[in-house]
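Student: I'd like to go through this one term by term. Can we start with what the words mean and then see what earns them?

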Amino acid sequence: MYLKVAPEIRRALQGGRPVVALESTIITHGMPYPENLETARALESQVRAGGAVPATIAVMGGVICAGLSDKELEWLATAKNVLKVSRNDLPYALATKKIGATTVAATMICAHLAGIKVFATGGIGGVHRGAEASFDISADLEELARTPVAVVCAGAKALLDLPKTLEYLETRGVPVIGYGTDEFPAFWSRRSGLKTPLRLDTPAEVARFLQVKWELNLGGGAMVCNPVPEADEIPAHDMRGFIDSAVREAEEYGIKGKAVTPYILARIVELSGGRSLRSNIALAQSNARVAAEIAAVMSL
Ligand code: PSU
Ligand code: MN
């Protein structure tokens, strides 16, 4: 009723062909223009190159749109005052017919409504540093525990408290899979010093794992952690200074709630002279490709 699925995607889903969902908050709140638009297009191309149909998801005119035209992508990438929509504000964006970009949590919900099982993004939200005082824990984690969609990402953004993020995921029963790695990737960096609880090495292994999980009716999704390609990574020790400064500033300026992550990401792009942005773009593309390969095996 509140869902509009683009014809190409509807046909693919009906024919049992692979589809990969893509989020829109990365476009509106995660990257500056014009890199955001270039990335949105590049992610769709990567999904196609991997053998699947891309479904970028956003809320417009009171409906959830699964699959955006190039004009709509361009419009989102340049629009001001787009809502960042998570589970809590999805009905608000629909009821008021506002333009909303979906976060990982909201994209999972919408993908599930549309019947899409695999979703690619850059990095998920998680437990923020200082969460013991601020209680700032991304709704992405609860969604992973609840909604049966596999999220291919480069781990959680390293501006977060990664050990606490892993603990939270474990408590909520979310499988965290290192894709071809034993280590939990730290978004811009391949290494975090933390182990991933599980490891799988091929799209077929991930597809089989998901089949078993969902046949068991365990509920919830899974996190497939694909480290940033070596050529595009920024070693953790190069990132540390930028992250610390950006997190400290966000605190000093009293940035709160859903504004925290976009603020810190944008500051890190500035502080790193654009280096973090290039790495973010590359890792998101790599994730889109892997997600397509997994979706392709799943529909065999
Ligand atoms: N990954 C990126 N860039 C982003 C995000 C993820 O590479 O901008 C967004 C996602 O939409 C994610 C959100 O769901 O940041 C997390 O926000 P919060 O910490 O407020 O839950
Ligand atoms: Mn938050």
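Tutor: Sure. Buried here means under 20% relative accessible area. Keep in mind that this is a predicted model.

Student: With that cut-off, what makes strand β3 mostly covered?

Tutor: Take residues 53-60, which make up β3: 8 of its 8 residues are buried. Because buried means under 20% relative accessible area, each of those 8 residues falls below that limit.

Student: Which residues cover each side of β3?

Tutor: On one side sit Val53, Ala55, Ile57 and Val59, and on the other Pro54, Thr56, Ala58 and Met60. Every one of these is buried, so both faces count as covered by the under 20% rule.

Student: How do you know that β3 pairs with strand β2, and in which sense?

Tutor: Two strands pair if DSSP finds at least two bridges between them. Strand β2, residues 19-22, is joined to β3 by 4 bridges, so that test is passed, and the two run parallel. As one example of the register, Leu22 has Thr56 in β3 as its bridge partner.

Student: And what makes β4 a partner of β3?

Tutor: Again 4 bridges, this time to residues 63-66, with the strands antiparallel. Met60 is bridged to Val63 in β4. The two strands form a hairpin with 2 residues between them, and Gly61 in the turn has a positive phi of about 60°.

Student: Why does β6 count as paired with β3?

Tutor: The requirement is at least two bridges, and β3 and β6 (residues 100-102) have 2, so they qualify. Their sense is antiparallel, and Ala58 stands opposite Ala101 in β6.

Student: Zooming out, how many helices and strands does the protein chain have?

Tutor: The count is 13 helices and 11 strands. Of the 300 residues, 55% count as buried.

Student: Why does the radius of gyration agree with a compact globule?

Tutor: For 300 residues, the globule rule gives a value near 19 Å, and the protein chain has 17 Å, which agrees. Along its principal axes, the C-alpha trace spans about 50 × 40 × 35 Å.

Student: What share of the contacts joins residues 24 or more positions apart?

Tutor: That share is 74% of the contacts with a separation of 6 or more.

Student: How far apart are the mean positions of the positive and negative charges?

Tutor: They are 5 Å apart, with 32 positive and 32 negative charges in the protein chain. As for the accessible surface, about 12,900 Å² in total, 54% belongs to carbon and sulfur atoms.

Terms used: Residues are numbered from 1 along each chain as its sequence is written. Chains are lettered from A and ligands numbered from 1 in the order in which they are written. This is a predicted model: local features need pLDDT of at least 70, side-chain atom pairs count only at pLDDT 80 or more; totals for chains, interfaces and linings use all residues. Side-chain values use heavy atoms; hydrogens and water are left out. The radius of gyration is taken over C-alpha atoms; the globule rule is 2.2 Å times the number of residues to the power 0.38. Buried means under 20% relative accessible area, exposed over 50%, partly exposed in between (1.4 Å probe, protein chains only). Contact means heavy atoms within 4.5 Å. Accessible areas come from the Shrake-Rupley method with a 1.4 Å probe; for residues, only the protein chains shown count as cover. Lys and Arg count as positive and Asp and Glu as negative; His and the chain ends are not counted. The place of a charge is taken as NZ of Lys, CZ of Arg, CG of Asp or CD of Glu.
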